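Hi,

Here is the structure I promised to pass on. Have a look at it first, and then read my notes below.

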Amino acid sequence: MACLESNLHIHLSLLQVLKRLEKHREKTHLHHAIDAVVVACTDNGMIHRITNYHRMKESNKYRKAPAFPQPWDNFRDDLFGHINTWPRPEKILQALNSNQPLPHYMMVSRMARHSVTGLAHKETIMMHGGVEENSGRTIGVKRVALQDIKFDKNGDFLMVNKDTDPATYEAIKTRFLQHNGNQKKAFAEPL
């Protein structure tokens, strides 16, 4: 079956387009969609037409090589016309960054290929904390107990909206410093 599928790819001129898609293999997975369509079109009738094609091609009775059978007229154009309407990852990212409505797309998830250590799921909810200016990485923010905050030696710590809520920041810092950096004692009573 794999040989027949590769035969279809070659004769339907899909291989050139697959090579062009290989650059974006990790991003799009369109090569899997093309493979699925080719396999779906490979039924007994198609196998019979391909067998007859090769039989005619190998017999030297014909001056002009016969045309390779296609599942239907304009198959290649229909397939790539449909694939070209699918949004590219760049367009999806652009819509996400500019808070525009997302185009219709299918999310492809991949199995992790590394071992997992620790808890599989944490009971904390992560929020979007913005984007780092230098690296462009998304900043994840989670809510933690006061006892779990990481303070430096001056009592400073990372806090979302520190500029817009300085009273909360100062109250936490003051309580921490009043107890000489002992977080368990400082936050034994609710703040």
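Leaving out residues up to four places away in sequence, which residues does K173 touch? The answer is N154, G155, D156 and F157. Before going further, please keep in mind that this is a predicted model.

I'll stay with K173 for a moment. K173 sits in helix α8, which covers residues 166–178. With a relative accessible area of 16%, K173 falls under the 20% cut-off and is therefore buried. One of its contacts is F157: the two are 16 residues apart in sequence, and their C-alpha atoms are 8.1 Å apart in space.

Another of those contacts, D156, is a salt-bridge partner. D156 and K173 pair up with their closest N and O atoms 2.8 Å apart. The two ends come from distant parts of the chain: D156 is in the loop between β2 (138–142) and α8, K173 is in helix α8, and 17 residues separate them. As general background, oppositely charged side chains can pair when their charged atoms come close. How many salt bridges does the structure hold? The count is 1. The two partners are covered to unlike degrees: D156 is partly exposed at 26% relative accessibility, whereas K173 counts as buried at 16%.

Now for the rest of α8. The helix has 13 residues, which at 1.5 Å a residue should span 18 Å, and its end C-alpha atoms are indeed 18 Å apart, so the two agree. Its buried residues are Y169, I172, K173, R175 and F176. They cover an arc of only 160° around the axis, so they sit on the same side of α8. What do the buried residues of α8 pack against? Their packing partner is α9 (183–186). On the face turned away from that buried side you'll find the exposed residues A167 and Q178. Just after the helix, N180 takes a positive phi of about 55°.

Next, α4, which runs over residues 30–41. Its 12 residues reach 17 Å from the first C-alpha to the last, close to the 16 Å expected at 1.5 Å a residue. The buried residues in α4 are L30, H31, I34, V38 and C41. Looking down the axis of α4, you'll see its buried residues within an arc of 105°, so they line one face of the helix.

A few spots in the loops are worth a look too:

- N74 has a positive phi of about 60°, although it is not a glycine. N74 lies in the loop between α5 (44–58) and α6 (75–83).
- N99 also isn't a glycine, yet has a positive phi of about 55°. You'll find N99 in the loop between α7 (89–97) and β1, and at 72% relative accessibility N99 counts as exposed.
- E132 is in the loop between β1 (126–131) and β2. With a relative accessible area of 37%, E132 is partly exposed. Not counting residues up to four places away in sequence, E132 touches R137 and I139.

On the surface, L93, L96 and L102 make a nonpolar patch of about 270 Å². Of these, L93 belongs to helix α7.

Finally, the overall picture. What is the order of helices and strands along the sequence? The pattern reads α-α-α-α-α-α-α-β-β-α-α, which comes to 9 helices and 2 strands. Of the 191 residues in the protein chain, 23% are buried. The accessible surface of the chain is about 15300 Å², with 53% of that belonging to carbon and sulfur atoms. As for contacts between residues at least 6 apart in sequence, 42% join residues at least 24 apart.

If you only have time for one view, I'd open α8: K173 is buried there, and its salt bridge runs to D156.

Cheers

Conventions. Residues numbered from 1 in each chain as written. Predicted model: local features only at pLDDT ≥ 70, side-chain atom pairs only at ≥ 80, totals over all residues. Heavy atoms only, no water. Helix = DSSP H or I, 4+ residues; strand = E, 2+ residues; numbered from the N terminus. Buried < 20%, exposed > 50% of the residue type's maximum accessible area, 1.4 Å probe, protein only. Contact = heavy atoms within 4.5 Å. Areas by Shrake-Rupley, 256 points an atom, 1.4 Å probe, with all protein chains shown as cover. Salt bridge = Lys/Arg side-chain N within 4 Å of Asp/Glu carboxyl O. Expected span 1.5 Å × (residues − 1). Arc of directions from axis to C-beta. Patch = residues over 30% accessible without salt bridge, like charges linked within 9 Å, V, L, I, M, F, W, Y side chains within 5 Å.
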